[in-house]
Amino acid sequence: MEQGLGSDSNHHGPIDKSRVLDVKPLRCLVPVFPNSSQGMSSISTPQPSPFVCVPPSGPFPSGVQPFYPFLSPNDSQNGAQQNQPANFGFGGSIPAPVPLNSFRTPTSHANGVTGRPKRVPKTRAFGSGSAAGDDDVYSDSQNQSDQYTSADMADTTNSGKQRGRPKRGRSGGPGEDFDVELLVNGFLTLFKLKEFDDFRRTNGDKDTVGTILLVFDMLRRRLTQLEESKGVTAGIARRPDLKTCNLLMTKGVRTNNTKRFGHVPGIEVGDIFFFRMELCLVGLHAPSMAGIDYMSVKVTMDEEPLAVSIVSSGGYDDDGNDSDVIIYSGQGGVQRRDGQMFDQKLERGNLALEKSLHRANDVRVVRGIKDIVGNGKIYVYDGVYKIQESWAEKNKSGCNVFKYKLVRVPGQAEAFSIWKSIQQWKDGTATRPGVIIPDLTSGVESLPVALVNDVDGEKGPAHFTYVSALRYSQPFSNNNKPFSGCHCLGGCQPGDTNCLCSHRNDGVLPYSSVGLLYTSKNLVHECGPTCSCPPNCRNRLSQSGVKIRLEVFKTKNRGWGLRSWDPIRAGGFICEFAGDVVKVTDGDFVNANDDDYIFDATRYYEPLELVRDSNKSKKAPFPLVVSGKNNGNVARFMNHSCSPNVYWLPVLRESNNDVFMHIAFFAIRHVPPMQELTYDYGIVMPENGGDGGKKKCLCGSDKCKGFYY
């Protein structure tokens, strides 16, 4: 102790212990000094050099190396300051270091743009507020890493304003960039959303809600297609649903942004959504992540929160097996990585649910159901509930969790109960009422198609032979250069410049890897018989047959119809129109109006904004007419509607000089189970009979014209 760092180490002889010594603690940091000749000086023999304060970003004296993350490998200031004299004093400014938790190893990109780091959650909540990223893992690609993170979702207000300036999107990979702003404005102009007024933004209706959801989904699919075709690297393009929602909200395109109790205008009980962002855009549930939405209501002199909606996605300890009762877990309560756990608190959403219990106001309930086909959840609007009871209990981790019992208000349309019944039919634990024939196709399709009548005593439609494809007597002729097909042995892939089929689709593939229609054009070129790609190629979508569980059922006033047991995503393939190809020159075509199972591609079809051309040019390149009277498939049972949920596209399959044109049906919007599938039969052109053959329309739509052909 006597010979500490503060004493004279060279002192010899007797020690005067009465003298007070200046003793410094042994545990101290000894500064490291540079030495121009030896690099760093020794700790045991410090040199009389001035103390060095080196800025984190340099310049660095000899022997001192920069360390990560204060200096990135491509730091531009290194070259600028490399030959400048070093300043070892305290007079220079010290640049602020980059936080450690926001850094990741930089990667090089062709265009010099680095990707945003993916956020890693540090805690796990016991409550019901699930992250959008946890539920909405849907994409139009099988690569789930190609998703936008929740950080891409900009902060928005009720007026649709976005904080910050909108950014021009780039593809992020090799190839040319595309202008997202131009793409969005094009969609808004075609769908007449460019001048979206405050009234529709505050109070929506069925048309407004439907248009916004249609634009959202078509823009999302188009962005995914463009980014995919440009070879976007993983980590750049994530969550296209969040990016699309951000773009629309920046433009103020949303509706029902004023919170309210009860049902939301334009949304019907039983409607389905595949993304949490869709709930935000139409005002059904405003938070993109939290499971409880609430608003402040002034009661006497004070304000108190009241719940307006909840999302029960099944990620927590909710009990939602009952069709009319939900036991809902509150939000909050955190289990950290270090093992510390916390009780839930009676605040925010939990307090709002408790207040709603006493005020007895209606609370909208959205149920999140796991999709057995995809990897995400399907959100079903199950109507309004009332909170009957609340209590606190210990969860599996030993923390206090609030529980709320919600009971469905009677008299509403069926929603979640339909899903439960269908699952029982599939599992065989219950029998579908009114089944006449379990499989109308007799095994022709890979999935059975039931024939059902629970309306009257009719035993089925007139006899016909079930076929799964068109029956051509002679294909159309290709007047252009003969097409020998693509040479994609492993299947057509996006961004492949050597794919001949991709060239015929303007350099992109028309379908996603999960079977959704990308394109909004009026024609699709699929791989044909001479192509080298396998049968499961993504560009042979309509050739794989029916992939959803359909049923032919007896309607109340329109004969037989078609509907699905499975939910159908917007852009999802349903079936093709199979039957006998009728030549326009044949005499049978004169009596085509007497055939209830005719499909005429020469008719004029009302434009459906981007899905159709706004001009009256013919949609199909060839005058294809198909009769499903004697030979046909499930498409022959689809009825007409003036507000359809299905539309058709001509699909060409080429083989040398021959062209085979097929008719493929796709969903316009998300279609919930047991909703009838309908399409517009079109209008007969004057050269084919004009206004003759009109029939009374019974579609029941608000836009019903009163007749069809």
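This passage describes the fold, cores, helices and strands of a predicted model.

The protein has 709 residues, and 48% of them are buried. Its secondary structure comprises 10 helices and 30 strands. Contacts between residues at least 6 apart in sequence were examined for their reach along the chain; 71% of them join residues at least 24 apart. The accessible surface is about 35400 Å². Carbon and sulfur atoms account for 51% of that surface.

In soluble globular proteins, nonpolar side chains tend to be buried together. The largest nonpolar core in the model holds 60 residues. Leu-248, Ile-267, Phe-273, Leu-284 and Phe-666 have the most contacts inside this core. Helix H5 supplies its largest share, with 10 residues. A second core is separate and holds 42 residues. Phe-464, Ala-601, Val-626 and Phe-637 are among its members.

Leu-284 illustrates the packing in the largest core. Neighbours within four places in sequence are set aside here. The contacts of Leu-284 are then Val-264, Ile-267, Phe-273, Leu-279, Ser-309, Arg-364, Val-366 and Tyr-381. Two of these partners, Ile-267 and Phe-273, are themselves listed with Leu-284 for the most contacts inside the core.

Helix H6 spans residues 240-250 and is mostly covered. Of its 11 residues, 10 are buried. The buried set runs through Pro-240, Asp-241, Leu-242, Lys-243, Thr-244, Cys-245, Asn-246, Leu-247, Leu-248 and Met-249. It includes charged residues such as Asp-241 and Lys-243. Leu-248 also ranks among the residues with the most contacts inside the largest core. The buried residues of H6 pack against three helices: H3 (180-190), H5 (206-229) and H7 (276-281). Just after H6, Gly-252 adopts a positive phi of about 75°.

Helix H3 buries Val-180, Leu-183, Val-184, Asn-185, Phe-187 and Leu-188. An α-helix has 3.6 residues a turn, so residues three or four places apart point the same way. The buried residues of H3 pack against H5 and H6. The N-terminal end of H3 is capped by Asp-179. A side-chain oxygen of Asp-179 lies 3.1 Å from the backbone nitrogen of Glu-181. Just after H3, Lys-192 has a positive phi of about 60°.

Strand E27 covers residues 658-667. It is largely enclosed by the rest of the structure, because 8 of its 10 residues are buried. Three strands pair with E27, as follows. E26 (residues 646-655) is antiparallel to E27 over 10 bridges. In this pairing, Ser-655 stands opposite Asp-658. E26 and E27 form a hairpin with 2 residues between them. Asn-656, in the turn, has a positive phi of about 60°. E20 (residues 573-576) also pairs with E27 in the antiparallel sense, over 3 bridges. There, Cys-575 has Phe-665 as its bridge partner. E16 (residues 476-477) is again antiparallel to E27, over 2 bridges. Phe-476 is bridged to Val-659 of E27.

Towards the end of the chain, Ser-701 sits in the loop between strand E29 (695-696) and strand E30 (707-708). Its side chain reaches the backbone nitrogen of Lys-703 at 3.1 Å. Not counting residues up to four places away in sequence, Ser-701 touches Cys-642 and Ser-643.

Key: Residues numbered from 1 in each chain as written. Predicted model: local features only at pLDDT ≥ 70, side-chain atom pairs only at ≥ 80, totals over all residues. Heavy atoms only, no water. Helix = DSSP H or I, 4+ residues; strand = E, 2+ residues; numbered from the N terminus. Polar contact = N/O pair within 3.5 Å; in protein donor to acceptor, adjacent residues only side chain to side chain. Contact = heavy atoms within 4.5 Å. Buried < 20%, exposed > 50% of the residue type's maximum accessible area, 1.4 Å probe, protein only. Areas by Shrake-Rupley, 256 points an atom, 1.4 Å probe, with all protein chains shown as cover. Core = buried A, V, L, I, M, F, W, Y, C linked by side-chain atoms within 4.5 Å. Pairing = 2+ DSSP bridges.
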